[in-house]
Amino acid sequence: MGYTAIVDYGVGNLKSVANALAYLGQRTVVTGEAQGLERADAVILPGVGAFPDAADKLRQTGLDRVLLAQAGRKPILGICLGMQLLFDRGEEGRSCPGLGLIRGSVERIQTALKLPHIGWNSLSFPNPSPLFRGLDEGTYVYFVHSFCGRCAQEGDVIASTRYGPSVAAAVARNGVYGCQFHPEKSGEAGLQILKNFGELNR
C-alpha cells in the first residue's frame, strides 16, 4: 500500500496534517529521510515560521535536493510556509533562495489591514485545477500569514483571495501544488482538498 510522505525538517505543523489525512483513510509517513520521500506516492511540505530559517534547514538536511529530484515524478503539496518555499525567492527578513519550483517571489502583503492575516477568507478560482474538484467559488478556508507568493506567470495561480489586494491562495505547476491557507484546519472544504490531492497519483 502506498503512502503520502509528510516532510519533517523541524519547522512543520506535522501532527494536524497527519491527523487530517488519517481521518480520510490515507496512509502517511512523517519523515526527514531521503528514502522515505523517494518511496512515497506523494509528498506534503508543511511549514510554520520564517522563510530564511526554513530554507536553511532544507538545505542543511539535503532535503531541498531530494524534493527537486521528486518534483515531476509525483504530486507535491506545500502548505503555508511550505507553499512559499516552492518559489524562487523569499524576501522575509533577508532575501533568500527557495526551491524554484514555482516562478516568482514571496513578499509581505501590501495591505492596510492588520498583519498577520489570521482567519477565514473565501476563494476564487482563476484557473481550473483538480485540487479544488467539488468546491464552489466562494469556499472559505483558514489563513495565518503575513507574506504571500507573487507568481511570475498568472496561469500558476489556481486560487486567490482578497485581503485588501488580491492574494495568491494556491498555486500549481507541473504537478507541484501550494496552498497558502491550511487545508488541515479548514473543515470539510480542507478535507476535500486533501482528498483531491491524495487522488492525483491514482
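This is a short dialogue on reading a predicted model of one protein chain.

Biologist: Where do I start? How many helices and strands are there in the protein chain?

Modeller: Start with the inventory. The protein chain has six helices and 13 strands. Bear in mind that this is a predicted model.

Biologist: What does the radius of gyration say about the protein chain?

Modeller: Compare it with a rule for globules. The radius of gyration is 15 Å, and the globule rule gives 17 Å for 202 residues. Those values are close, so the chain is as compact as a globular protein of that length. The C-alpha trace spans about 45 × 40 × 30 Å along its principal axes.

Biologist: What share of the residues counts as buried?

Modeller: Of the 202 residues, 53% count as buried. The chain exposes about 8900 Å². Carbon and sulfur atoms supply 46% of that area.

Biologist: And which contacts join residues far apart in sequence?

Modeller: Take contacts between residues at least 6 apart in sequence. Of these, 71% join residues at least 24 apart.

Biologist: Now the sheets. How do strands pair?

Modeller: Strands of a sheet pair through backbone hydrogen bonds, and the pairing is either parallel or antiparallel. Here, one open sheet has seven strands in the order S2-S1-S3-S4-S13-S12-S11. Its pairing is mixed.

Biologist: Which strands stand at the edges of that sheet?

Modeller: Strand S2 (28-31) and S11 do. Each has a single partner strand, so one side of each is left without a neighbour in the sheet. From one strand to the next, the twist averages 20°.

Biologist: Show me one pair. How do S1 and S2 run, parallel or antiparallel?

Modeller: They run parallel. Four bridges join strand S1 (residues 4-7) to S2. On that pair, threonine 4 stands opposite threonine 28 in S2.

Biologist: What is the order of the open sheet formed by four strands?

Modeller: The order is S6-S5-S7-S10, again with mixed pairing. Strand S6 (96-97) and S10 are the edge strands. Each has a single partner strand, so one side of each lacks a neighbour in the sheet. Further in, strand S5 (residues 87-90) and S7 pair in the parallel sense over three bridges. There, phenylalanine 87 has isoleucine 102 in S7 as its bridge partner.

Biologist: Next, charges. What can side chains of opposite charge do?

Modeller: They can pair when their charged atoms come close. This model has six salt bridges, counting a nitrogen of Lys or Arg within 4 Å of a carboxyl oxygen of Asp or Glu. One joins arginine 150 and glutamate 107, at 3.0 Å from N to O. Arginine 150 is in strand S10 (residues 147-151) and glutamate 107 is in strand S7 (residues 102-108). The pair links distant parts of the chain, 43 residues apart.

Biologist: Are arginine 150 and glutamate 107 buried, exposed or partly exposed, and what values show it?

Modeller: Arginine 150 is partly exposed, with a relative accessible area of 37%. Glutamate 107 is partly exposed as well, at 28%.

Biologist: Which residue forms a salt bridge with aspartate 156?

Modeller: Arginine 173 does, with the closest N and O atoms 3.2 Å apart. Aspartate 156 lies in the loop between S10 and strand S11 (157-162), and arginine 173 lies in strand S12 (residues 166-173). So the pair ties together parts that are 17 residues apart in sequence. Aspartate 156 is buried, at 4% relative accessible area. Arginine 173 is partly exposed, at 28%.

Biologist: What other salt bridges should I look at?

Modeller: Lysine 195 pairs with glutamate 199, with the closest N and O atoms 2.8 Å apart. Lysine 195 is partly exposed at 34%, and glutamate 199 is partly exposed at 31%. Elsewhere, Asp56, Arg59 and Arg94 are linked in a network of salt bridges.

Biologist: Last, single residues. Which residues is arginine 108 in contact with, leaving aside neighbours within four places in sequence?

Modeller: Its contacts are Leu115, Ser146, Phe147 and Arg150. Arginine 108 is found in strand S7. The C-alpha atoms of arginine 108 and serine 146 are separated by 5.9 Å, though these residues are 38 apart along the chain. Arginine 108 counts as partly exposed, at 42%.

Biologist: Is serine 160 buried or exposed?

Modeller: Serine 160 counts as buried, because its relative accessibility is 13% and the cut-off is under 20%. Serine 160 lies in strand S11. Not counting residues up to four places away in sequence, serine 160 touches residues including Ser122, Pro126 and Val167.

Note on methods. Residues are numbered from 1 along each chain as its sequence is written. This is a predicted model: local features need pLDDT of at least 70, side-chain atom pairs count only at pLDDT 80 or more; totals for chains, interfaces and linings use all residues. Side-chain values use heavy atoms; hydrogens and water are left out. A salt bridge is a side-chain nitrogen of Lys or Arg within 4 Å of a carboxyl oxygen of Asp or Glu. Helices (H or I, at least four residues) and strands (E, at least two) are DSSP runs, numbered from the N terminus. Buried means under 20% relative accessible area, exposed over 50%, partly exposed in between (1.4 Å probe, protein chains only). Two strands pair if DSSP finds at least two bridges between them. Axes are lines fitted to C-alpha atoms, for helices over the stretch in contact, and angles run from 0 to 180 degrees between N-to-C directions. The radius of gyration is taken over C-alpha atoms; the globule rule is 2.2 Å times the number of residues to the power 0.38. Contact means heavy atoms within 4.5 Å. Accessible areas come from the Shrake-Rupley method with a 1.4 Å probe; for residues, only the protein chains shown count as cover.
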